Structures are given as C-alpha cells and as structure tokens.
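Subject: Structure for your review

Dear colleague,

Please find the structure below, together with its sequence. A short account of what was found in it follows.

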Amino acid sequence: MKTINLLFVLSLFVFASCETADFVESPTTNELSLISDAELGRADEDPIESRFTFTAYVNGSYFRAEDFQAIETGDQLIFEGEKAGNSIILQMPADIVNGDYNLGASIGTSIDYSASVTINGQTQQISFGSMTVLNHTADTGNINGTFNFQTADFNVTRGVFKLFY
C-alpha cells in the first residue's frame with residue numbers, strides 16, 4: 001500500500017510541474033510544433049533552420065508548401081509556394097535589401113512588391129500587406145523573411161519564406 005501511495009504522490013509532482021502548450025495546427029503529426037500561451041509563433045519561427053521554407057496561415061489554416069518555384073526576370077523576383085493546387089506568390093525587386101516593405105497591386109505588373117493567393121481554385125490579388133526581408137544574398141541566390149497580407153476573402157498571416165533561386 002505504501003508503494004501505491006508513493007507512486008500517487010510522485011505522479012502528482014510530475015503532472016504539477018508540466019508546462020502547458022498549444023499545438024500549431026498542421027496537416028500531419030510530424031509537423032506539429034509547440035508554441036507558448038504567451039506568444040503565438042510564426043509557422044516556422046526560425047527560417048534559417050531548414051533549406052527551403054514557405055509557410056503561412058491562410059484564414060487560420062496552416063499552409064506549408066511542398067513545391068517551390070523561383071523566377072528571376074531581370075529586375076524582379078517571383079516566388080511561389082504550392083501544395084495540392086493551393087499556392088502563395090510573392091513578387092519583389094531583384095535588388096531588394098534587408099528591411100520592411102509594404103505589399104500591394106498585382107502580380108505580373110510593373111509594381112515592385114506584390115502577392116497573391118490561390119485556395120481551392122480561387123486566386124485573389126493582395127489588397128494590402130507587409131513583408132520583412134531578413135536576409136538576401138543575391139550572389140548565392142538565397143533570401144528569407146516574413147510576410148502578412150490580405151485579399152478580399154483571404155487573410156494570410158505569420159508567413160515565413162526561405163528560398164534559393
């Protein structure tokens with residue numbers, strides 16, 4: 001009986017010392033990440049950790065691109081992350097430097113900074129948004145940063161990109 005009581009008391013200490021955390025919603029269990037209650041993290045807190053990253057939340061649902069396309073058209077960089085027919089596209093000048101930028105206008109125009117999202121066959125251009133370039137090295141063709149934007153029907157938040165072109 002002493003053993004049972006001792007186990008019960010020890011288990012209380014173990015459970016009382018556990019910290020609670022929420023899981024970031026994602027499609028598979030091997031992609032679950034812990035985040036603290038105090039601060040909701042980005043979909044990928046450290047874009048430096050993985051070779052290619054293109055993640056965001058679209059209307060609160062987790063999006064993690066499986067296919068990446070990078071197009072350098074002289075003075076523009078266009079990056080697309082795609083998964084199962086859904087995609088996010090970011091457009092920026094090829095000579096972009098680290099810093100914060102406002103996004104707007106339409107993909108494929110002469111406007112320097114833009115974005116669009118395609119979900120379930122519905123493509124919408126950005127209404128407004130922002131992007132932060134954390135690192136861009138044109139010589140090696142790598143870039144990483146964060147983004148958020150809105151369209152008429154989609155709210156794209158906590159976006160992270162780390163790509164090579």
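Strands, written with the letter β, are DSSP runs of at least two residues in state E, and they are numbered from the N terminus. Please note that this is a predicted model.

I begin with a single loop residue. T73 is found in the loop that links β5 (67-72) to β6 (76-83). Its relative accessible area is 40%, and because this value lies between 20% and 50%, T73 counts as partly exposed. The C-alpha atoms of T73 and A94 are 8.2 Å apart in space, while 21 residues separate the two in sequence.

Next, the sheet. Six strands form an open sheet in the order β4-β3-β13-β12-β11-β8, and their pairing is antiparallel. At its edges are β4 (61-64) and β8 (99-103), each of which pairs on one side only. On average, neighbouring strands of this sheet are turned by 15° against each other, direction ignored. Within the sheet, β3 (residues 53-58) and β13 (residues 155-164) are joined by 5 bridges in the antiparallel sense. V58 has V156 as its bridge partner in β13.

Finally, the interior. The largest nonpolar core contains 27 residues, and those with the most contacts inside it are F54, I88, M131, F147 and F149. Among the elements that give two or more residues to this core are β3, β7 (86-93), β12 (142-150) and β13. Leaving aside residues up to four places away in sequence, I88 touches several residues, including F54, V58, F147, F149 and V156.

Yours sincerely,
A colleague

Terms used:
Residues numbered from 1 in each chain as written. Predicted model: local features only at pLDDT ≥ 70, side-chain atom pairs only at ≥ 80, totals over all residues. Heavy atoms only, no water. Helix = DSSP H or I, 4+ residues; strand = E, 2+ residues; numbered from the N terminus. Buried < 20%, exposed > 50% of the residue type's maximum accessible area, 1.4 Å probe, protein only. Pairing = 2+ DSSP bridges. Axes fitted to C-alpha atoms, helices over the stretch in contact; angles between N-to-C directions. Core = buried A, V, L, I, M, F, W, Y, C linked by side-chain atoms within 4.5 Å. Contact = heavy atoms within 4.5 Å.
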